[in-house]
Amino acid sequence: MLRGRWRAHWRRYNGAVKNCDVLIAGAGPTGLVLALWLTRSGVCVRIIDKAAEPGTTSRALGVQARTLEFYRQLGIAEQVVDRGLKFAAANLWVKGRQVGHVRFGDMGVGVSPYPYMLIFPQNEHERFLIDRLAELDVRVERPTELLGFEDRGEHIIARLKRADGIEETCQAAYLAGCDGARSIVREQLATGFPGGTYAHMFYVADAEATGPVMNHELHVALDDAGFLAVFPMKGEGRARFIGTVTDSAATATRTLEWSDVSTQVIARLGVKFERINWFSTYHVHHRVAAHFRVGRAFLLGDAAHIHSPVGAQGMNTGLGDAINLAWKLAAVLQSCASPKVLDTYEPERITFAKRLVASTDRAFQLVTSDGPIARWIRVHVVPRLMPALFKLASMRRLMFRTISQTAINYRHSALSSGPDGTLRAGDRLPWVKVAAGTDSSDNFAPLSSLDWQVHVYGAPAATLVDLCNARGIALHAFAWRDEMRDAGLAQDAVYLVRPDGYVGCADRGASADALAHYLDTWNVRSRLAH
Ligand SMILES: Cc1cc2nc3c(=O)[nH]c(=O)nc-3n(C[C@H](O)[C@H](O)[C@H](O)COP(=O)(O)OP(=O)(O)OC[C@H]3O[C@@H](n4cnc5c(N)ncnc54)[C@H](O)[C@@H]3O)c2cc1C
């Protein structure tokens, strides 16, 4: 049926075929970062968006440390940090009483060069990424809509509708569905989008206000009647408020207004609003597509998973998808890895997405549920438990690693090979300084090559040097320092680092054999060796 309909379109519109390696449908943050990495790697992309203009509302505010680490690889982290607002502390309030205060710097120090969460409104973020792409001579084609596509085995043929209403076809080696929660790519792949929708209606407001929570820190307030999250924004007296609307407003069919928000939590925090700059209401969904890949088409970002805004994970998870897929597509298109690496995209990312949706779901149920047990936990257990947990250094570190996404690992991926140890294959390469004192050089600097590389912390064996030279794989040897052991690294061990900064192969025996086997299994070649 589809094929017959497709053929009719093909006959009618096959006048204009524009080819590319990767067609990216959707120029939200996920599609833009995918386009940036691919273009930086020398892959030819087309990126289209059906909207005439980029989004103008702030939506996702939080940029996590792991995203900034990826941005550093792309050479854009410092510019993003300069444009954003670092916030270094989080506070917990219960029924108007402050019960916890924790500094991110203390939590994340030594874990990442970016031991904080950065506030950078999504509209400014998207504009910034669009400008970086334009510098590489890639322009988002808009309004250009993906109407449908056919996977012909050898390539994808996509049907696009341009601004002038004319339809054209595009032949691409791969299609990346970055087309958001209502993805047409997902619909056509028929993967399903299992999950659900929360009954509560939420509001998001960017506001100018006064009160104790307007201090450029994050505040989460729990109450018996709901919750409120206050994210700082750049500029004096500005913040993002996320909370619930009143029960009567939640069931109303009219357009909701600021007067519909639940005011009890706000009043208990002593917030006085001066101006509401943006107000929107929405239902929160929790869904994960059953598959992230079918043939030559992939799903990323909100097209693949959506969940509650708890923890500012949504956009960052989409950006993680983009990086994971980008290096694999580039490697396969440029014969730097076996096409089998593309099979690892879905298992690596769907596992994390499912775990994230389940954990944000539990947290969200706890902070929003009207049930007596959830209320009792919010009002009586949380105020006692959280301050005690915040006092434990190990717990603060775990919290930072979880929220910042630096704890994501791919240990169970087919791409991860190596024995158990503190640092295992599939883990993110731990960040360490490579010189003492004020010298700020670190082991993440070489990751800007976006290429496979071998790291040795200590002295590389002669056989390893020979192998890396023969295969054209960059070998980075860093003089051993005791702090490296604390980060999980083993002296003289061999770590093959993937282009996205995860350890592919770890060999504590310092031999070149395990590395050679891995390179042969995955047909790994350096981009520079071509
Ligand atoms: C009100 C609101 C508040 C939010 N707050 C937060 C927050 O605080 N923290 C957080 O992490 N996340 C938040 N989010 C979610 C966050 O905005 C998304 O996770 C993020 O935008 C996902 O990025 P994406 O690129 O995957 O998809 P999107 O940003 O949805 O981009 C998809 C793009 O695809 C385009 N498109 C769709 N169909 C087609 C087609 N057929 N052809 C071509 N183009 C197409 C769309 O025009 C769009 O530009 C919020 C969202 C909303 C709406």
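The following paragraphs describe the ligand site and two of the sheets in this predicted model.

The ligand is a convenient point of entry. Its surroundings comprise 26 residues, and Thr-30, Asp-49, Gln-122, Leu-146 and Asp-302 come nearest among them. By class, the residues of this shell divide into eleven nonpolar, eight polar and seven charged. Several elements of secondary structure take part: α2 (29-40), β8 (145-151) and α10 (314-333) each contribute at least two residues to the shell.

The shell can also be considered at the level of domains. Domain 1 consists of the segments 2-58, 122-193 and 290-356, while domain 2 consists of 85-119, 195-288 and 369-408. Both domains give residues to the shell around the ligand, and the ligand therefore lies between them.

Individual contacts add detail to this picture. Asp-49 places a polar side-chain atom 2.6 Å from an oxygen atom of the ligand. Gln-122 likewise has a polar side-chain atom at 2.7 Å from a ligand oxygen. With Gly-314 the backbone is involved, as one of its N or O atoms lies 3.3 Å from an oxygen atom of the ligand. The ligand taken alone exposes 1,000 Å², of which the protein buries 82%.

Attention now turns to the sheets. One is an open sheet of three strands, ordered β3-β7-β4 and paired in the antiparallel sense. The strands β3 (62-63) and β4 (85-87) stand at its edges; each has a single partner strand, so one side of each is left without a neighbour in the sheet. Three bridges connect β4 with β7 (residues 117-119), and this pairing is antiparallel. The register of the two strands can be followed at Phe-87, which stands opposite Met-117 in β7.

Another open sheet is built from eight strands, whose order is β6-β5-β12-β13-β14-β11-β15-β18, with mixed pairing. At its edges are β6 (97-103) and β18 (305-306), each of which pairs on one side only. Within this sheet, strand β11 (residues 195-210) runs antiparallel to strand β14 (residues 238-244), and seven bridges join the two. A residue pair that locates this register is Ala-207 and, opposite to it in β14, Ala-239.

Which two domains supply the shell around the ligand? They are domain 1 and domain 2, and the position of the ligand between them follows because both give residues to that shell.

Note on methods: Residues are numbered from 1 along each chain as its sequence is written. This is a predicted model: local features need pLDDT of at least 70, side-chain atom pairs count only at pLDDT 80 or more; totals for chains, interfaces and linings use all residues. Side-chain values use heavy atoms; hydrogens and water are left out. A residue is near a molecule or strand if one of its heavy atoms lies within 4 Å of it. A polar contact is a pair of N or O atoms within 3.5 Å; within protein, one must be able to donate a hydrogen and the other to accept it, and residues adjacent in sequence count only if both atoms are side-chain atoms. Accessible areas come from the Shrake-Rupley method with a 1.4 Å probe; for residues, only the protein chains shown count as cover. Helices (H or I, at least four residues) and strands (E, at least two) are DSSP runs, numbered from the N terminus. Ala, Val, Leu, Ile, Met, Phe, Trp, Tyr, Cys and Pro count as nonpolar, Asp, Glu, Lys and Arg as charged, and the others, Gly among them, as polar. Domain bounds come from an automatic or database domain assignment. Two strands pair if DSSP finds at least two bridges between them.
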